[in-house]
Structures are given as C-alpha cells and as structure tokens.
Amino acid sequence: MPFLSRVLPLSVCLALTLLAGCAPERDPGNVYRGALISNLKTFDPAQASDSYSNQSQFQIYEALYEYKYLARPYEIQPCLAAALPEVSADGTVYTIHVRTDIEFQDDPTFPGGKGRKINAHDFIYSIKRLTDVRTDTYGWWIFDGKVKGLNAFRDASEKLPALPDSIHPALYDQEVEGLRALNDSTVRIELTRPFPYFKYILAMPYAAFVAHEVVDKYGPEFLNHPVGTGPYVLKEWRRGLRLTFARNPKYHHGFYPTEGSPADSAAGLLADAGKPLPFIDRAELYIFNETQPMWLNFLRGNLDRSSIPKDNYSQAVTPGRGLNEVIRKRGIVLNRMWQLDLTYICFNMKDPVLGKYKKLRQAMQLGYDVETVIDRFYNGRGIRAQSLIPPELAGYDSTFRSPYGEYNPARARKLLAEAGFPGGKGLPELVFLTVASTEARQRGEHFAQNMAAIGITVKVESCTWPEYLERLQVSRYQLVGASWMADYPDPENFLQLLYGPNKPPGENNASYQNDAYDRLFEEMTRLQDGPDRMAVIRQMKEIAAEDAPWIFAVHRVAEILSYQRIGNLKPHAVAESPIKYYRIGEGK
Amino acid sequence: MLSGRLYSAMEVPLLLESVIRRLKRDKVALVAVCVIGLYLFAGLLSLAGLLASGFAEQVGEAYAPPSWAHPFGLDVLGRSVWERLVQGSRVALIVGFFSTAIAIPVGAVLGLVAGYFRGWVDALVVWLYSTLDAIPTILLLLAMALVLPTGKGLATVCIALGVTSWVSTCRVVRGEAIRQKELDYVRAARSLGAGNLRILFVHLLPNVLHLVLVQASLVFVYSIKSEVILSYLGVGVQNFPSWGVMIDDARLELVGRGVWWQFAAATAALFVLVLAFNLFNDALKDALDPKER
C-alpha cells in the first residue's frame, strides 16, 4: 500500500505531463502553429500526391517557378529560375535560365556539410528521377507524353534493377532529346506539341529540385531526409504528432510581393512589400487524425489556423455568413477563397434520349434550382456556375451568362414541350447516378424533386466510389453528378473536359462531340495567354452553354479561420499554407 | 420426454387455435399485436397509395420543426417526415415479410433433413451453416447486396437477408429433429411403411412447427433491423424512404443544425416496432411451449 500510495500520484503526474506535451503550447513567440488532418507519409517530392504533403514540402523544396502570393487570377513567378521561360513561336521549345546563386541547405551529404549551389543539371536529374518507373510516383502524369524522348526514357527505366540497387544508373547520364541542360544555368525543354499550361507544371511540387547526392546517400531513407532550397529546414518529425521547421539560414532569395490589388492594399497585405522572407522563425505543424481535437485546440488558441469541420459550421458561422460573435471575440477572423472547382450534372450524350434532344437538356438546366443547392448543401458557400471556368482563373468572366443558367421552371416546361415532351409526357424515367454518400444522395434527391416539378421522372441510384468511376469510364449511366477541381490554374484544365478526343475512358465523361468546339480547343492550346486566347475561350463557353452537355451547378468557396495575430494571411487555392509570407503579431 | 402432446399434419390447425387462445389471454401480447397491426395497416394503406403518397414532394421550408400541419416536421428538402416514416414502415414490413419467407423454409427444410438423415447430409449442412455463420453478418450482407444480379434495391435487400438469416432456424430445427426422430411416433410411422418424405413433412414438421414460428418472428425483427443498417450504409433501399435512409440524413442535421425531429421519428418508429415484435415473440414462445400445452 505505501508503495501504491507513492507510485499512483507520481504516475498521474507523469501521465498529465505527457498529455500536456502532446498539446501545442499557447503563445510560443515567433512561431506559427498549423494543423494537418492526416499522418504525413513522406518528404519525397516525387510522392507529394496529397495536399498535406504539399503543405509540408512547400516549406523545404522549391521548383523553377512558384505562384505569386497575392495575384488573382493565379500567376507564376520565377523561383529557382532567373526569369519566366522563353517560349518559341510554335510553343514547343522552352528555354529556362536557372539561378546559380542559390544553395541547397546544409547537410552531411555535401563536402564539409555545406550545401552546394544548384544548377541546371539538378533540374534534369529531378525530372529523370520522377520519370524513372522505379520511383513509383503518382506524379508522372504531369510529364507523360509531353516532353520529347521522356516516355522512351521511362520505358528504358523498366529494365533497370529494382531499387535500392543502381540508385543512380548510367541511364540518367544519357541525354533525353527534349530535356537538356545546355550549360550549368540553362535548361532546354522540347515538347511534343504546344501545352500552354506547361509553365504551371514547372511550379508543381513534383518538379521540385532535389540533389542527386542526397538521394544517392540516403537511398530508401531519402523520404525522411528532406534537403531543399526553401525557406525552412526540417528540425524535427515526431511521427503522428508534430513537424517542426526552423528558418533556413541559407535562404536569401525570397521577398514579399510588391504588387497586389487595391483590396490587398486596404487589407494591409502590402505593408511588408519587398521585405526578405520568411518572417517567422519556426513553424510547427501538428498532426490530427480527427477534426474535433483540431477544432478544440484551435478554439483554445493552441493553433493559429484551422478549417471549419462541417459539424461545427453553425457554431462558427452565423446564418448571415458572418463569424459567430463568441468566436470573433476570441480574435479569430474568417478568410474565404474560391476553390477553383465546378460541380455539375453530366448528361450521357450517347444516351438515345438525352443525347438527341438538346431542348430537353436545356429544360433540365432551367429546372434545376442551384441556389437551393448552394444554400442547403454548401451553407451558402458558392455561386451558380454559368460556364466551365471558375472564378480567379484566367477565362472567368463574371458578366458571362449562359442562356439557361437560371432557375426558371416556367421556361423549362415550355422548352420541354418544344422538345416533344409536354409535361414530361412520352419521356421515360431517367436514372441519376451518384456516389453512396449521404450528401451526394440528398443532392440527387433534390435534383429529382426539381425535375418532378417540371414533369420529368428521375430515379436516384447510389453506388460505391470504384463502381462510380468504372461506370463513368464505360459511359454506363444517363445522368451523373460530378465535380472537377483544377490540377493547375489554367482554363485548359476545365475546357478539356468537353474536348471530343477526350471521350471515355478520357475525361470527357459526357462523350460530348462538337467539331467547332474541338477546333477552338486546339487553337486555344496553341495560343499563349492574352486577348486572343480569351476570345477563343469565350466562344467555347458559348458553344458549351448552348449545347448543354452539362448542367453547370456550383463554384464553391472554402472558408478558413485564423487568429488575428497571423498577419499577411491570404488563402491560396494552389500553394497551400505558404508560411514564409505570414507574420506573427501584426494581423489585419 | 416432454409432457406436451404430439401433433400430426392434420392437427396443425388445432395447434394454431390453442396458440391464439393463449395469446388472447396475454394482455401485453395483445398490445404488441395491436401495434404491429397499426404498422401493417399504415404499410398497406401506403402500398395502395391511400396514405403518404406525396412523400417526395416539397410541402414547406427545409428543416421546418414539428407543427400542427406537420407534426413530425420537415426534412432537408422540405418533405414531410411523417409521410416518409409511413413509407419507411411499408419498406420495413416488405423486407421483414419477404426475407422471412425465404429464410424460414430454407432453414426449416435443411434443419429437418440434416437432423433426420444425419451422416454426410448432416455434415454438409453443418459445414454450410458454420461457414456462413463464421462470416461477420454485416460484411456478408454488404457483399451480397453489392454482387446480386438484381442490382441495388428492395428486392436485393430481401434476397440478401433471406439467404443469410436461415442459419439459426436451421440449427434449432436440426437439434429438435435429431431428438424427435428417436421418438416412438416416428418409429411407428416407419414400421407402418411411411417413406422418408412423409415422415419428414407429415410427422416431424408439425412437431417442430412451434420452433419455426418463434424463429419466424425473430427473423422478421432481425430483417427489419438489418434493412435499416444496410440503408444507413447506402447499400439498402434505393430511391425510396426507409428508416435507415432517414437516420442517415438525420445524422448530419442533428449535429450541425440541431434538427432532431427526423432522427427522433425514425428511431422511435424502429424502436416501437422492434419492441412490439419482441414482446410478441416472448408471448408466442410461452404459448407454444410444450410444457405449458
């Protein structure tokens, strides 16, 4: 008993101390504390397939280009490149000058432990490593079929011995026709055909610079030893608990943007214009597997930034879309950003009824009450889409209106009658396919309810995610609820969804075919950004609106909460959590 | 040997008459039967299109709380929770009836055959139900609901539940058949030249019928509960209100918006029906107990 009486309180104290150690400390100084809702799997840029990996790697690794922090629509700027790429007149040859004054962070791999300067060969190596089949990356698609000779390199890599043997094979030293370093500071990329969005690919985390010495030395352990050129270095990685980043003393090439919109200026986002980055000494990213602990830690002030778990939405945001008074008084602010996405209902154009009657499709678009969808299912966070292209993307025009982009049941009934189905008479029951989630099914039921109001009978069919994908690929559906999120901020990423040659198993799930649209798409892919390209895009939007192969539904808005102490925070849909721009203590 | 009397096939109406007489004396059983009858009545009226036929229509504002016009409130799409509840009882009763109609004959026949013949037939049946029983029920139901050629929907749910819930009936009937086959009346029938089929279905079956009836009411309840779970998981009834679908909808509304009425209505409807069936089961078991007869 005396033993127990001594040990028990001691154990309790120890347990409490350990528990306290798991929670972030309050007010830790010039430190940013963020959250990841997932266990981080890797620090290898070739495996950066999810947003949490992107967030973490963004602090350490850099690519030739990066996104401008304040510019909307999203634009890129040089990062490890000296300038934007020089593109040949036919759009297929990119000449890029690489900065040679930037150094990798210090690491025992390098002679004397001092990081060496980067050069054009590092870029070539990084892309070859990404292409190597053995790297087993999810990111190969960004270069697949785009660079001359790179697919042949990938095929050749299949014959190499399995990793970790031959980690740097002789194959890497052979020249690839379309991927060459002309000297230490110049890269020449030859494309198989023009890809105007190729510059965005060069800004993706997959295309980050890695040092071959580091990969060679650490081998399979490379994923745990990030060595980059970015603003931070990895100080500590406690699996499943916390990532700690410290300022990279060798980072001197990042500066706060000097240009922004009048709104940015009014919000105080240009107060630090031109100042060297980063402002924060240490960044800590805490790992939560559930949203509730993250939310409670955020409310207690232990985290600086948080998304709003859907079940806590009404606790945080009022019906008038403002921040709840109790939350606001804690010094929390609400940040909104466009998600660069589109939800839509896709018609199967191969269907004998839906594909044949254009007026039926137009009527269904007019009969769909999208405003109610936004209110009920997205808590008012979104706008009705009028075309494929979402706000804050080049090609978006807030004045563009589809002739059928409104809720007008009377007009819908009239068009339905003109299509030969007065009051829905003679029209067979249509099947709406959706995934078996509660909200997706409810949205399907809402659509069916809307259609019933104009005389069209729609049956909702739910299926699992793999079945859903399979049925899209083989066009085994009549109507399907879908959404698309930008892979890169170029309108081509959305417009290709209706390009004829992209029919299933490609991304054109509607199997839509319009020669005029296809010709314009091909012309658009040859044009660089500018008024000519925008004019072509507008014509494509008009064709898609008139043909109505989709019912354009919603462009969604994301909401993020942060404490006022975090200054310079402007949500960015592409580059998530760019901590190097944040400042502690001078929030707007 | 049990003190209850034995029945032949001709005397089955007598057995049922005695059971009904006993049930009439049990007040709790009568209340349970009335409740089940109410559900059945509502289900039949909705099937005939006389009740809750506008269950898919918007009749008011989304999430309107209970009122005189809509005593059970409205759901996310402004549909009447009451009308969806009634349609849900129709689904529950259909699933209960058809899956019981599949499971009970399968279980009873296999149990009788295994218990009567023993040997390799018994070994095969025992192997079959032991294997089926070793697979977690919900996983098995999910798998069957996904692979059945009837596609997703009410028919698939009935078939999936029917072919997975015969095990307990089979086990109970097999045990009783093993015991009964050694009794004098079976030996007498055999010595009089009765064939196996006659012994099985004319002599043995009436004397295990009391167990089959109790099993039937248990399978009925089990099927209703399983349908709710399958529909909640999204592989149950499609394109139609079910209590499982309603609870799934209500799950989101309850936490985020504090909308409790759909959740309360669907769970209460399920609770009351299952309770009524369980009380009825108890009474039926007592009424059929050979010791009491």
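Me: How do I read the packing of helix α8 of chain B against helix α9 of chain B, and what is the angle between them?

Reply: Two packed helices are described by the angle between their axes and by the distance between those axes. This is a predicted model, so every value here is computed from it. In it, α8 (residues 184-191) and α9 (residues 196-232) of chain B pack at about 145 degrees, and their axes lie 11 Å apart. The crossing of α8(B) with α9(B) is right-handed.

Me: Which residues make that contact?

Reply: On the α8(B) side, look for Y185(B), V186(B), A189(B) and R190(B); on the α9(B) side, find I199(B), H203(B) and L204(B). Sorted by class, this contact has five nonpolar residues, one polar and one charged.

Me: Let's try another pair. At what angle do helix α3 and helix α6 of chain B pack?

Reply: Use the general idea again: an angle and a distance between axes. Here α3(B) and α6(B), the latter spanning residues 154-164, pack at an angle of about 40 degrees, with the axes 8 Å apart. That angle makes α3(B) oblique to α6(B). The two helices cross in the right-handed sense.

Me: And which residues of α3(B) and α6(B) meet?

Reply: From α3(B) come V91(B), I94(B), V95(B), F98(B), S99(B), I102(B) and A103(B). They meet L154(B), V157(B), C158(B), I159(B), L161(B), G162(B) and V163(B) of α6(B). By class, the contact of α3(B) with α6(B) holds twelve nonpolar residues, two polar and no charged ones.

Me: Helix α3(B) also meets helix α4(B). How close do their axes come?

Reply: The axes of α3 (residues 81-117) and α4 (residues 119-134) of chain B come within 7 Å, crossing at roughly 140 degrees. These two helices are therefore oblique to each other. This time the crossing is left-handed. Four residues to look for in α3(B) are L110(B), V113(B), A114(B) and F117(B). Their counterparts in α4(B) are G119(B), V121(B), D122(B), V125(B) and V126(B). The residues of this contact divide into seven nonpolar, one polar and one charged.

Me: Now let me step back to the whole of chain B. How many helices and strands does chain B have?

Reply: Chain B has eleven helices and zero strands, and so its pattern along the sequence reads α-α-α-α-α-α-α-α-α-α-α. Its C-alpha atoms fill a box of roughly 75 × 45 × 30 Å along the principal axes. Among the 293 residues of chain B, 41% count as buried.

Me: How much of the contact in chain B links residues far along the sequence, 24 or more positions apart?

Reply: Take the contacts in chain B with a separation of 6 or more: 69% of them are between residues 24 or more positions apart.

Me: Chain A has sheets. How do I read the order β4-β5-β7-β6?

Reply: Read it as the order of the strands across the sheet: these four strands of chain A form an open sheet with antiparallel pairing. The edge strands are β4 (86-87) and β6 (179-183) of chain A, each pairing on one side only. Inside the sheet, β5 (residues 93-97) and β7 (residues 186-190) of chain A run antiparallel and are joined by five bridges. For one opposite pair, look at I96(A), which faces V187(A) in β7(A). Helix α3 (residues 120-131) of chain A packs on this sheet, where it touches β6 and β7 of chain A, and its direction makes about 170 degrees with that of β6(A).

Me: What is the pairing in the sheet with the order β1-β10-β9-β8?

Reply: This open sheet of four strands in chain A has mixed pairing. At its edges stand β1 (31-36) and β8 (232-238) of chain A; each has a single partner strand, so one side of each is left without a neighbour in the sheet. Neighbouring strands are turned by 20 degrees against each other on average, direction ignored. Strands β9 (residues 242-247) and β10 (residues 282-287) of chain A pair in the antiparallel sense over five bridges. Within that pair, L243(A) stands opposite L285(A) in β10(A).

Me: Finally, how many residues does each chain bring to the contact between chain A and chain B?

Reply: Chain A brings 16 residues and chain B brings 16 residues. On the chain A side, α9 (313-316), α14 (438-453) and β16 (458-463) each supply at least two. Helix α14(A) gives the most, with six residues. The residues on the chain A side divide into four nonpolar, six polar and six charged.

Definitions and conventions. Residues are numbered from 1 along each chain as its sequence is written. Chains are lettered from A and ligands numbered from 1 in the order in which they are written. This is a predicted model: local features need pLDDT of at least 70, side-chain atom pairs count only at pLDDT 80 or more; totals for chains, interfaces and linings use all residues. A residue is buried if 20 or more other C-beta atoms lie within 10 Å of its own, exposed if 12 or fewer, and partly exposed in between; C-beta atoms are placed from the backbone. Two residues are in contact if their C-beta atoms, placed from the backbone, lie within 7 Å. Two strands pair if DSSP finds at least two bridges between them. Axes are lines fitted to C-alpha atoms, for helices over the stretch in contact, and angles run from 0 to 180 degrees between N-to-C directions. Ala, Val, Leu, Ile, Met, Phe, Trp, Tyr, Cys and Pro count as nonpolar, Asp, Glu, Lys and Arg as charged, and the others, Gly among them, as polar. Angles under 35 degrees count as roughly parallel, over 145 as roughly antiparallel, 65 to 115 as roughly perpendicular and the rest as oblique. A crossing is left-handed if the near helix is turned anticlockwise from the far one by less than a right angle, and right-handed if clockwise.
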